[in-house]
Amino acid sequence: MKKYFPIAQWGSKYNSGFLKKDAIAGITVGVVLIPQGIAYAMIAGLPPIYGLYTALIPQLVYLVLGTSPRIAVGPVAMDSLLVAAGIAALTVVGTENIVAIAILLAFTVGLIQVLLGVLKLGFIVNFLSRPVISGFTSAAAIIIGINQFSNLFGIPIPRSNRIHVILMDLFQMLSDISLQTFAIGAGAMAIILTLRKINKNIPSPLIVVIIGILILKFFNNTFHEVEIIKNIPSGLPAFGVPEISWVKVSEILPIAITIAMIGFLETVSIGKSLETNEDVVKVNPNKELIAIGFGNILGSFFKSYPSTASFSRSAVNQDAGAKTGLAALFSVAVVGLVLLFLTPLFYFLPKAVLAAIIIISVLKLIDYKEIFRLWEVDKIDFYMLLVTFIGTLFFGIKEGIGVGVGLSLIMMIFRTSKPHIAVLGRIPNTEYFRNINRFDDVEVNKKILIIRFDSHLYFANTNYFREQLDRLSLGKGDALKLIILDCECINGLDSTGAAMWNDRIDYYALQGIKIYFTNVKGPVRDAMTKAGIIKKIGIENCFMSNQGAMIYFETGSREYQEKLSSYIQQSNS
């Protein structure tokens with residue numbers, strides 16, 4: 001039970017002292033979740049009630065299956081934007097059909113995540129590099145924020161995932177801006193920012209929601225231009241099987257894969273960042289996939305759209321003192337009570353206030369510090385971030401993440417296809433060997449070429465290895481009698497690499513040049529044995545160290561052990 005259900009592991013060690021802290025944290029998160037849920041549903045292009053529905057079942061499932069005690073699951077801005085992008089790509093007409101697609105998307109996303117978790121394929125997300133994720137997230141945050149200008153200014157700007165389209169429509173409608181709507185939205189933003197400066201723990205979104213409702217309820221005639229939410233249905237979501245159509249599933253599959261990956265990445269990143277040494281259960285990526293996956297699958301049966309971990313609410317959960325996942329139960333209770341009894345109170349909630357909440361929430365997703373850091377640290381990573389950022393802004397969400405994944409794979413292949421190669425020399429009076437280009441005083445034997453290859457040797461970099469080996473050996477001229485391949489940094493060898501080694505051994509043997517192997521790791525040695533390399537060169541030509549290989553070459557096998565032992569003793573003394 002503990003292996004498959006983390007709740008059994010931490011639940012067996014639960015004590016009454018945790019209950020008060022979990023209750024306070026859970027209620028606090030629930031209070032924050034209500035305005036966020038309504039706002040994020042608007043981002044997804046869904047009726048507000050579906051944001052609250054998404055805050056129920058996924059949280060309960062994560063309570064049972066999740067491995068982080070502080071993660072708060074539910075609707076988030078990024079997934080909501082991706083949902084909107086996926087629906088926009090389809091020819092869907094009518095609110096009911098849009099809702100049906102969003103629910104089917106949750107089911108599909110959950111299925112993908114569970115399959116990846118069961119097959120232990122969580123490592124796939126590693127192909128999304130940090131610069132790519134940062135560029136995509138920052139661009140997506142800008143698109144989310146600018147799309148809210150429609151509600152902030154009270155003008156009917158068509159929804160789009162391309163920044164230039166949104167800005168062109170905005171400039172054409174500047175004369176139609178509603179000052180009443182903008183006053184409400186700008187005021188809400190000012191209040192949120194002020195309260196955050198005073199104390200970050202103040203539930204500022206809830207406060208501006210209450211203020212906005214009161215203003216529109218009692219001064220509706222004064223602010224008659226301001227759009228309000230109006231009726232929100234009461235009651236808990238009814239059970240219903242998603243409308244599964246394989247044609248529709250095939251259409252939404254690309255965006256479903258994107259949501260599945262981004263959602264998983266967010267969850268693991270948040271979980272790892274909040275993890276402490278006191279946690280009974282440690283964050284397990286594959287179990288996290290299963291937890292959020294089943295949350296999405298079961299949630300889709302109760303009118304939920306795709307959900308994942310929330311950065312902001314998880315931080316609130318931690319700051320409020322959550323000790324275990326039981327805090328989620330109290331969050332669900334708060335949302336449930338609102339759905340059952342309090343939805344009529346949101347009738348006069350201004351959409352401009354929700355727009356203000358969304359804009360402020362996504363501002364922190366714009367990682368401008370990372371841009372300056374990468375410019376100083378790694379120019380290639382900087383340009384990867386920049387290309388992903390621009391691609392997402394101007395070509396769309398799906399296209400941006402596609403560019404990012406493509407860049408990540410290309411850079412991974414590029415970097416492993418041309419890894420670092422060092423020519424080594426011996427530090428005088430020691431058994432240590434270092435890169436001759438970094439150390440000036442190392443000893444170099446004209447008859448010996450020592451090469452260290454700092455990568456896994458496989459089909460993508462085999463030609464590069466051979467080219468560099470031939471180039472460096474040619475540089476030694478006719479004096480070269482021995483090549484030592486230091487394999488300390490080679491963690492793997494495939495059949496292509498092994499075939500190349502076999503070929504080079506024969507090639508240099510015809511020139512009277514021997515090849516020794518040193519510091520060979522077990523898996524590489526196994527591959528060499530299977531490929532016949534060990535048999536060809538002889539086991540006596542494999543050494544534990546570069547020093548041993550040099551002594552063997554210089555003195556022969558008779559004096560090898562004696563010289564090596566003497567040298568090590570001298571070095572140690």
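This presentation describes the fold, a small charged network and the two largest pockets of one predicted model.

Colleagues, a word on conventions. The model is predicted, so local features are reported at a pLDDT of at least 70 and side-chain atom pairs at pLDDT 80 or more, while totals for chains, interfaces and linings use all residues. Residues are numbered from 1 along each chain as its sequence is written, and side-chain values use heavy atoms, with hydrogens and water left out.

I begin with the chain as a whole. It contains 25 helices and eight strands; these are DSSP runs numbered from the N terminus, helices being H or I of at least four residues and strands E of at least two. Along the principal axes, the C-alpha atoms fill a box of roughly 100 × 60 × 50 Å. Of the 573 residues, 52% count as buried, where buried means under 20% relative accessible area, exposed means over 50%, and partly exposed lies in between, with a 1.4 Å probe and protein chains only. A contact is taken as heavy atoms within 4.5 Å. Among contacts between residues at least 6 apart in sequence, 80% join residues at least 24 apart.

Next, the sheet. Six strands form an open sheet with mixed pairing, in the order β4-β3-β5-β6-β7-β8. At its edges stand β4 (433-435) and β8 (542-543), each of which pairs on one side only. Two strands are said to pair if DSSP finds at least two bridges between them. Within this sheet, β5 (residues 448-453) and β6 (residues 482-486) run parallel and are joined by five bridges. At the start of that register, I448 stands opposite L482 in β6.

I turn now to the charged pairs. Side chains of opposite charge can pair when their charged atoms come close. Here a salt bridge is a side-chain nitrogen of Lys or Arg within 4 Å of a carboxyl oxygen of Asp or Glu, and the structure holds nine of them.

Which residues are linked in a network of salt bridges? They are D378, D381 and R415. The side chains of D378 and R415 meet at 3.4 Å, N to O. Because D378 lies in the loop between α17 (368-377) and α18 while R415 lies in helix α19 (residues 397-417), this pair ties together parts that are 37 residues apart in sequence. R415 also forms a salt bridge with D381, and there the closest N and O atoms are 3.2 Å apart. That second pair links helix α19 with helix α18, its two residues being 34 residues apart.

Is D381 buried or exposed? D381 counts as buried, at 15% relative accessibility. Its partners in the network are described otherwise: D378 is partly exposed, at 23%, and R415 is partly exposed, at 35%. D381 itself lies in helix α18 (residues 379-395). Leaving aside neighbours within four places in sequence, D381 is in contact with P131, L374 and R415.

A further salt bridge takes us back to the sheet. E443 pairs with R426, the closest N and O atoms being 3.2 Å apart. E443 sits in the loop between β4 and β5 and R426 in strand β3 (residues 421-426), so the bridge ties together parts 17 residues apart in sequence. E443 is partly exposed, with a relative accessible area of 35%, whereas R426 is buried, at 16%.

Finally, the pockets. Rolling a probe the size of a water molecule over the atoms shows where empty space is left. On a 1 Å grid over the protein atoms alone, a pocket is an open set of points where a 1.4 Å probe fits, with protein on both sides within 12 Å along at least five of seven lines, and lining residues have an atom within 4 Å of a point. Points are joined across faces, edges and corners, and a volume is the space filled by probe spheres set on them.

The largest pocket holds about 1,200 Å³ of space. It is lined by 36 residues, of which F311, S312, A315, K364 and L365 are the closest to its centre. Elements giving two or more residues to this lining include α2 (16-43), α12 (246-274) and α14 (311-319). By class, the lining has 19 nonpolar, nine polar and eight charged residues; Ala, Val, Leu, Ile, Met, Phe, Trp, Tyr, Cys and Pro count as nonpolar, Asp, Glu, Lys and Arg as charged, and the others, Gly among them, as polar.

The second largest pocket has a volume of about 380 Å³. Of its 19 lining residues, M42, S150, N151, E227 and K351 are the closest to its centre.
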